[in-house]
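Let's take a friendly walk through this protein together. Keep the picture open beside the text and look for each part as it comes up.

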Amino acid sequence: MTLARLAELYGVATSYSPAPGRTVVASDAAVTAALAAFGVDAATPEAVRDALAAREAESAARLLPPTVVWWLGAARPGWLDELPEGTRLSLADTEPGDQAGGWEYPPRPGDQESPPPGVHTLTVETRDGVTATAHLIAAPRKAPVPPLRTHGLLVQLYSLLSGRSWGMGDLADLADLASWSAHTHGTGFLQVNPLHAAVPSGPDGGTDPSPYRPSSRRFPDPVHLRIEDVPEYAYVPARVPPIASEAARLREAVLEEAGLIDRDAVWALKREALEAAYDIPLTPGRRAAYEKYLAEQGAALEDHATYNALAERHGPDWRTWPAELQDPRSSGTAHARRESAGRVDFHRRLAWLTDVQLAAAQRATREAGMPIGLVHDLAVGVHPGGADAWAQRLVFAPGTSVGAPPDAFNARGQDWGLPPWRPDRLAETGYAAFRDLLRNLMRHAGAVRIDHVMGLFRLWWIPEGEAPTEGTYVHYDAEAMLAVLLLEASRSGTYVIGEDLGTVEPGVRERLREGGVLGTSVLWFERNYAPEGDGSPVPAEEWRTDCVATATTHDLPSTAARLSGDDVRLRERLGLSTATPAEAAAEIAEWLDLFTRHGLLPPGSHGDEEEAARAVHRFLLRTPARLVGIWLPDLVGDRRPQNLPGTWTEYPNWRLPVADSAGRPVTLEDLTSSPRAHALLNVFAGTTVPLTGPPDARVV
C-alpha cells in the first residue's frame, strides 16, 4: 500500500477500468517506472518509504499547490477555504499587458471579488506573516461555441495538389480550396491536418511523414509554403528556371506517374529556393514586420531556430549530439548559436514566412464568408529527438512514451513514440509550455481540434523499451489544463473541438461539454452500446448537439472504401485483424436499410456507391450536430486510407494524393469540376443557419 500511496501523490494510477465492471491492475514495475520519470526512486521498499515521507512533508509545508484555478463567474474556489483564517491574497502582473496588479482578496470596498482573467503570480500571507506564492489561472468557465450550424471539409493538406504545387499541397492550395468551397457550396470551415514543424531529414533522408509526430508543435512547417508567394523570391531570376522545372517534375511524378508524395524531395527544393530568396534584402516594411514577429516569439523561436541550425550540422536527433549541445542553456550551445548566427536567422525567417502565409490562408476563408475558417489540429505530442523535446526538455518525462492500453481493437496496445509532459513541471511553471503552444496555434485559426483530448486528463505512460501492455495511466490536473485551454480560446475567440473517440473515462465528455469543447462523433461508431443496448445504430435525432459529426477521420477508411468493402480486403491482405467481409457487409447493410427507411436513400440504391455516400451525409445532416465534417477524399470516391494504424513500411501512410475511385490522382482543379464532388456538396445547400439544438438532444 505504501507504493500505491506514493503513486497517488504523483497522479500515477495503480489500476484502470477499460470497461464497466472490469478493472486491470498496473504492475509494480510500470508504477515504479512512471515514478522514476518524475525523478522518484521507488526501486526498493526503503526508497519508497523515504520518497513517501519526503512528498508528504513537502505537501504539508505548502500553503498552496504550485498552480491554482479560479473559474470566473463561478462560486469562489475551494482552495480558498483551505487557507488559514485571515489569510490575504494579492496578485502581481505575470503576462505582457496584465492588469492584475493591485487586486487583493478579501476585496476592498468597491473592488471586484474575482481576479481579472489571465495567468498571474499569486501571493498569500497568513495572519502570522507566513507567505507563499503560486500561479493563479483565472479563466472563463466556457470557451466560445459556434452560433451557426455549418458544414466544412476535412483536409490532409499535403495530399491536395494543384497545378501549381511543388509535389505536395501547400498553403496557397488551402486558401484556394477555402475560397472555392465557401463561394460555391457555402462551407463554413476547413479542418486541416497538423501543420507542425517536422523533424528534419538526416543525411540518409527518411523523414517521418506523419504530421502527428512532429519536431515542434509550437511552430509551423515551412514545407507548406507557396514559394512564388514569397515576395523576395521574385528577385532571384537566375535561380528560377531550374527550380521551376524541378518543381514541375516533382508534381508530375505524383499526378502523372503514380508516385508517392516525397516530402524530403519537396523540402530540399523549397529550401534551395528559400535560401536564394534569403539573400534578397527585405523591404523596410517587411523588415519591420519580421522584427515585430521576432519580438513576439522571443526565446521560443530562438530555440526552435537554433535546434534546426544545429540539426543541419549534427543530425536531427539531439540525443546523439555532443553532450555540451544537448542542453539548450549550456555555454556550448550559446557558442554554437553565435557561430551559426546566419543559419539561425534563416530558420527564424522561415517560421515568419510560414506564419504570414497561414495568416493569408485564414484571411481568405473569412473573405470568402466562412464563419469559422481554418480548424488547426493539435497533435498529442512531439518526436523525442525534435526541437520541442530539446528546448523544453525539463518539462518532458525522460525514458517514457505515450500510447494506449490494450482494447477491443488492438490487443497489444499502442506506443505512439511521443514523450509526455511531466504534470509536476507544468504546474511549477504555471503551464507556460501549454499556454505558449495554444497561443501560437490559435494565431490564425477559427477553431482548433485537439487530438486525443482525453490527454488533458490522463495519458498512458509506457517505459522505454517495454511493450504498451506494461504501461499505466498518469493523471494531469485537468482543471488547470482546461483553464488554460478555455482562457486562450476566449482571448482569441477560437472554438475548440476535442477528438474524444475510443475509451473515455466516465465524466470526461461531460466536463468537456461544460467547458464548451465540442466532441467528435463518427457515424459508424454511433451505435447503442449502453449496458442494455442492442448495438443498433443511434437514431439521428439522438446524436449529441455539441460535436462535429462526420463519416470518417484520417485514421479510418473513406466512405467509398467502407461501402465497397475495400477497407476489409486491404486489412486482410496486410494481415491485420478485422471483421470478416460478411460481418462488415452486414453492418453496412444495416445502415443502408436505416437510410432507406428514413427516405435518405432511394429504394433499390444499395448498390449505388455514390448515392449511398450521399445518404451517409444526408443522415449526418439530420443530426443536431453543430458542425458536420466532410472528408475531402469522399468528394471524389477515394478508396485509399491516408493512414492505416498498425502499419509502417507495409502501407504508404501520409504519402498518398487524393485520388478518384480508380486510384487516379485528383488535383484541386479536377476536384472543383467533379460532378461527384458537386453532387455530394449539394446535399448541404443552405445549412449554415443559427442553431440552438432540440431540447431533448443528447449532450454527451
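## Two helices side by side

In this predicted model, helix H5 (residues 171-185) and helix H10 (residues 341-367) have axes that come within 8 Å and cross at roughly 5 degrees. Angles under 35 degrees count as roughly parallel, and H5 and H10 are therefore roughly parallel to each other.

Which residues make this contact? From H5 come Leu171, Leu174, Ala175, Ala178 and His183. H10 brings Thr354, Gln357, Leu358, Ala361, Ala364, Thr365 and Glu367. Sorted by character, the residues where H5 meets H10 are 7 nonpolar, 4 polar and 1 charged.

## A crossing pair

H10 also meets helix H7 (residues 263-278): their axes come within 11 Å and cross at roughly 105 degrees. Angles of 65 to 115 degrees count as roughly perpendicular, and H7 and H10 are therefore roughly perpendicular to each other.

On the H7 side, the contact uses Trp267, Arg271, Leu274, Glu275 and Tyr278. On the H10 side, you can look for Gly342, Arg343, Asp345, Phe346, Arg349, Leu350 and Leu353. The residues between H7 and H10 divide into 6 nonpolar, 1 polar and 5 charged.

## A sheet of strands

Now turn to the strands. Strands of a sheet pair through backbone hydrogen bonds, and the pairing can be parallel or antiparallel. Here, 5 strands form an open sheet with mixed pairing, in the order E3-E7-E6-E4-E5. Which strands stand at the edges? They are E3 (67-72) and E5 (104-105); each has a single partner strand, so one side of each is left without a neighbour in the sheet.

Inside this sheet, strand E6 (residues 118-125) and strand E7 (residues 131-140) run antiparallel and are joined by 8 bridges. To find one of these partnerships, start at valine 119, whose bridge partner in E7 is isoleucine 137. A helix joins the scene too: H14 (residues 478-492) lies across E3, E6 and E7, and runs at about 55 degrees to E7.

## The whole chain

Stepping back, the protein chain contains 21 helices and 22 strands. Its radius of gyration is 26 Å, close to the 27 Å that the globule rule gives for 700 residues, so the chain is as compact as a globular protein of that length. Along the principal axes, the C-alpha trace spans about 80 × 70 × 55 Å.

How much of the chain is buried? Buried residues make up 56% of the 700 residues. Among contacts with a separation of 6 or more, 73% link residues 24 or more positions apart.

How values were computed. Residues are numbered from 1 along each chain as its sequence is written. This is a predicted model: local features need pLDDT of at least 70, side-chain atom pairs count only at pLDDT 80 or more; totals for chains, interfaces and linings use all residues. Side-chain values use heavy atoms; hydrogens and water are left out. Axes are lines fitted to C-alpha atoms, for helices over the stretch in contact, and angles run from 0 to 180 degrees between N-to-C directions. Helices (H or I, at least four residues) and strands (E, at least two) are DSSP runs, numbered from the N terminus. Angles under 35 degrees count as roughly parallel, over 145 as roughly antiparallel, 65 to 115 as roughly perpendicular and the rest as oblique. Contact means heavy atoms within 4.5 Å. Ala, Val, Leu, Ile, Met, Phe, Trp, Tyr, Cys and Pro count as nonpolar, Asp, Glu, Lys and Arg as charged, and the others, Gly among them, as polar. Two strands pair if DSSP finds at least two bridges between them. The radius of gyration is taken over C-alpha atoms; the globule rule is 2.2 Å times the number of residues to the power 0.38. Buried means under 20% relative accessible area, exposed over 50%, partly exposed in between (1.4 Å probe, protein chains only).
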